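Please write a short report on the strands, the turn between two of them and the surface charge of this model.

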Amino acid sequence: MPASFWSRLLRRVRRALAPAARDRAVGNRGEAAAADLLRARGYRIIARNAVTPRGEADLVAWAPDGRTLVVVEVKTRVRGANARSDATPPEANVTRAKRRRLHAIATHLARSNGWTDRPRRVDVVGVEIDPDGSVRARVTERV
């Protein structure tokens, strides 16, 4: 095979992988902003990207009361990327199926750690990143 074939193939692979890496970076930035917001409100973050047999929780925290287990789903949007992302809030992407999965994750974490006597809930944090780089995070709903 000629070298030009391999260089074209490599360019194509890099272009295909670039959006995934960019999306991961945006997601990580959103999770960091959400963790900062929750800490400022008195939450204690105990895990990031907690993987369970039921799925992954972006953040797991103790609520300010020190007793309630909170599984947090973080949804991040970059404003100005396209008209659809500007028209809908980030938290609009949390579907009914995702909510059920998050509750299953919370139940699994409670059972596997012996926290069954404690209350638990699922929160959603919406994070928006403006074109100028500023970040806004808000707890948008408790589900």
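Strand 3 and strand 4 (residues 120–129) run parallel in this predicted model. They are joined by 10 bridges. In one pairing, Arg77 has Glu128 of strand 4 as its bridge partner.

Strand 3 also pairs with strand 2. Here the two strands run antiparallel, and four bridges join them. Trp62 is bridged to Leu69 of strand 3.

The two strand pairs, side by side:

| Pair | Direction | Bridges |
|---|---|---|
| strand 2 and strand 3 | antiparallel | four bridges |
| strand 3 and strand 4 | parallel | 10 bridges |

How is strand 3 placed in the structure, enclosed or open? Seven of its 10 residues are buried, so strand 3 is largely enclosed by the rest of the structure. A residue counts as buried under 20% relative accessible area.

Next, the turn. Strand 2 (55–62) and strand 3 (69–78) are linked by a loop, and Gly66 sits in that loop. The hairpin has six residues between its strands, and Gly66 takes a positive phi near 75° there. Gly66 has a relative accessible area of 43% and is partly exposed. Arg44 is 22 residues away from Gly66 in sequence. In space, the C-alpha atoms of Gly66 and Arg44 are 8.2 Å apart.

Last, the surface charge. Arg8, Arg11, Arg12 and Arg15 form a patch of positive charge on the surface. Arg12 belongs to helix 1 (residues 3–40). Is Arg12 buried or exposed? Its relative accessible area is 57%. The cut-off for exposed is over 50%, so Arg12 counts as exposed.

Methods. Residues are numbered from 1 along each chain as its sequence is written. This is a predicted model: local features need pLDDT of at least 70, side-chain atom pairs count only at pLDDT 80 or more; totals for chains, interfaces and linings use all residues. Side-chain values use heavy atoms; hydrogens and water are left out. Buried means under 20% relative accessible area, exposed over 50%, partly exposed in between (1.4 Å probe, protein chains only). Two strands pair if DSSP finds at least two bridges between them. Patches are made of residues with over 30% relative accessible area and no salt bridge: like charges are joined within 9 Å, nonpolar side chains (Val, Leu, Ile, Met, Phe, Trp, Tyr) within 5 Å. Accessible areas come from the Shrake-Rupley method with a 1.4 Å probe; for residues, only the protein chains shown count as cover. A salt bridge is a side-chain nitrogen of Lys or Arg within 4 Å of a carboxyl oxygen of Asp or Glu. Lys and Arg count as positive and Asp and Glu as negative; His and the chain ends are not counted. The place of a charge is taken as NZ of Lys, CZ of Arg, CG of Asp or CD of Glu.
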